[in-house]
Amino acid sequence: METITSLFAQSGNDAYFGEPVTQLEHALQCAHLAERAGADTETVVAAFLHDIGHLLLPELADGESTLGYMDGYGTVDHEKLGADYLREQGFSEKVAQLIENHVNAKRYLVYKNPMYFARLSEASLKTLEFQGGPMEAGEALAFETNPYFKGILQLRTWDEQAKIPGLPTPDMAHYLTLINELVH
Ligand code: FE
């Protein structure tokens, strides 16, 4: 995927908002954690691409005045932006949904589990306000019926762990190979 490679080439070395790793390191670590957990290819690829919406922004900055920035912690709706971009590129609904819901997973877990709230990083807490805060009971119940619910929550746990400076992972080429298995 030429475009995905160039998105990472453009912005992959940017810091991952408020965390001690770059966007590319974060993506590689997240995908690596998914792979180590035995996740299927779609899930591993979703983990690698879950924050692609953040990388799309430099290109959209001119035309999209509605996009909101969260005080230097990225963009509101990056998950939707990324998911729609990948749908356009021919990725499956599963990949798109896992990505589209990774912020909802945080809002769900905060609603469901007070201990989870206490463990969130400073940057994650900061963005939670912009993302609508914790879910309410009805929204949480509806969320549980998503066919990819389990995978969505798993991706969230990898996302949160994928912030370890210097953690060795496979390189981008490895994940591009997996991407090519899904989309030609
Ligand atoms: Fe992330």
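Buried here means under 20% relative accessible area, and exposed means over 50%. The legends below describe a predicted model.

**Figure 1. The iron site of the predicted model****.** Five side chains coordinate the iron ion: Tyr 16 through OH, His 26 and His 50 through NE2, and Asp 51 and Asp 159 through OD. The distances run from 2.1 to 2.3 Å. Along the chain, the donors are spaced as Y-x9-H-x23-H-D-x107-D.

**Figure 2. Tyr 16 and Asp 51, two loop ligands of the iron ion****.** Tyr 16 sits in the loop between helix 1 (2-11) and helix 2 (23-36). Asp 51 sits in the loop between helix 3 (41-49) and helix 4 (52-60). The pair therefore ties together parts that are 35 residues apart in sequence. Both Tyr 16 and Asp 51 fall in the buried class.

**Figure 3. Helix 3, a mostly covered helix****.** Of the 9 residues in helix 3, 7 are buried. They are Thr 43, Val 44, Val 45, Ala 46, Ala 47, Phe 48 and Leu 49. Phe 48 also helps to line the second largest cavity, shown in the next view.

**Figure 4. The second largest cavity and its lining****.** The model holds 2 cavities of 30 Å³ or more. The second largest encloses about 40 Å³ of space. Its lining consists of Phe 8, Gln 23, Ala 27, Phe 48, His 50, Asp 51, Ile 52 and Leu 55. Two of these, His 50 and Asp 51, also coordinate the iron ion. Helix 2 and helix 4 each contribute at least two lining residues. By class, the lining has 5 nonpolar, 2 polar and 1 charged residues.

**Figure 5. Glu 136, an exposed loop residue****.** Glu 136 lies in the loop between helix 9 (122-130) and helix 10 (137-144). Its relative accessibility is 62%, so Glu 136 counts as exposed. Tyr 111 is 25 residues away along the chain, yet the C-alpha atoms of Glu 136 and Tyr 111 are 6.9 Å apart.

**Figure 6. Residues 59-67, a stretch with pLDDT below 50****.** Across the chain, pLDDT averages 89, and 90% of the residues score at least 70. Over residues 59-67, pLDDT is below 50. Beyond near neighbours in sequence, this stretch has 7 contacts in the model. Where pLDDT is low, predicted coordinates should not be read in detail.

Note on methods:
Residues are numbered from 1 along each chain as its sequence is written. This is a predicted model: local features need pLDDT of at least 70, side-chain atom pairs count only at pLDDT 80 or more; totals for chains, interfaces and linings use all residues. Side-chain values use heavy atoms; hydrogens and water are left out. Donors are N, O and S atoms within 2.8 Å of the metal (3.2 Å for Na, K and Ca); water is not among the atoms, so sites may look incomplete. Helices (H or I, at least four residues) and strands (E, at least two) are DSSP runs, numbered from the N terminus. Buried means under 20% relative accessible area, exposed over 50%, partly exposed in between (1.4 Å probe, protein chains only). pLDDT is the predictor's confidence in each residue, from 0 to 100. Contact means heavy atoms within 4.5 Å. On a 1 Å grid over the protein atoms alone, a cavity is a set of points where a 1.4 Å probe fits but cannot get out, and a pocket is an open set with protein on both sides within 12 Å along at least five of seven lines; lining residues have an atom within 4 Å of a point. Grid points are joined across faces, edges and corners, and a volume is the space filled by probe spheres set on the points. Ala, Val, Leu, Ile, Met, Phe, Trp, Tyr, Cys and Pro count as nonpolar, Asp, Glu, Lys and Arg as charged, and the others, Gly among them, as polar.
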